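Please look through the structure below, beginning with a single side chain and moving outward from there to the chain as a whole.

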Amino acid sequence: MLIVLYLVELFSSRWNQLTDKEKNKLTTFLEFKNNLLKIFEAINLGVKNFAKPLKLFNFGGNNQNISPKKWVRNDKNDNIKV
């Protein structure tokens, strides 16, 4: 009960700090949809970041590099005279 009252007080105080223009902008459906999309993108990014360390423990998988090594020297540098 105390947590709910604290959250209501927190949101109401932040709502009162907004200007009228910001309040009107937040109450539109388009802005609400954009905010929800941002929240879902953040959640997906968080899930992907937590899943990456689990790939380290995949000992039975292929040991191939994801991106193959590339040769960076030019052919001109291969003919070095001593």
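In this predicted model, Phe32 is partly exposed, because its relative accessible area of 48% falls between the 20% below which a residue counts as buried and the 50% above which a residue counts as exposed. Phe32 is placed in helix H3, which runs over residues 29-51, and it belongs to a nonpolar patch on the surface that also takes in Phe29, Leu36, Ile39, Phe40, Ile43 and Val47. Together, the residues of this patch have about 730 Å² of accessible area.

Helix H3 is also the place of Glu31, a charged residue that is buried and yet has no salt bridge. The nearest side chain of opposite charge is that of Lys25, at 4.4 Å, and a salt bridge would need the side-chain nitrogen within 4 Å of a carboxyl oxygen. Once residues up to four places away in sequence are set aside, Glu31 touches Lys25 and Leu26.

A comparable description applies to Lys23, which lies in helix H2, residues 20-26. Lys23 is buried without a salt bridge, and Asp20, the nearest side chain of opposite charge, is 4.5 Å away. Apart from its neighbours within four places in sequence, Lys23 is in contact with Trp15, Asn16 and Leu18.

Turning to the whole chain, one finds four helices and zero strands, which gives the pattern α-α-α-α when read along the sequence. Of the 82 residues in the chain, buried residues make up 2%. The accessible surface of the chain comes to about 8900 Å², and 62% of that surface belongs to carbon and sulfur atoms.

How far these details can be read depends on the confidence of the prediction. The chain has a mean pLDDT of 80, with 67% of its residues reaching 70 or more. Among the elements of the chain, helix H1 (residues 2-17) has the highest mean pLDDT, 93, whereas helix H4 (residues 75-78) has the lowest, 63. Where pLDDT is low, predicted coordinates should not be read in detail.

Terms used
Residues numbered from 1 in each chain as written. Heavy atoms only, no water. Helix = DSSP H or I, 4+ residues; strand = E, 2+ residues; numbered from the N terminus. Buried < 20%, exposed > 50% of the residue type's maximum accessible area, 1.4 Å probe, protein only. Lys, Arg positive; Asp, Glu negative; His and termini not counted. Contact = heavy atoms within 4.5 Å. pLDDT = per-residue confidence, 0-100. Patch = residues over 30% accessible without salt bridge, like charges linked within 9 Å, V, L, I, M, F, W, Y side chains within 5 Å. Areas by Shrake-Rupley, 256 points an atom, 1.4 Å probe, with all protein chains shown as cover.
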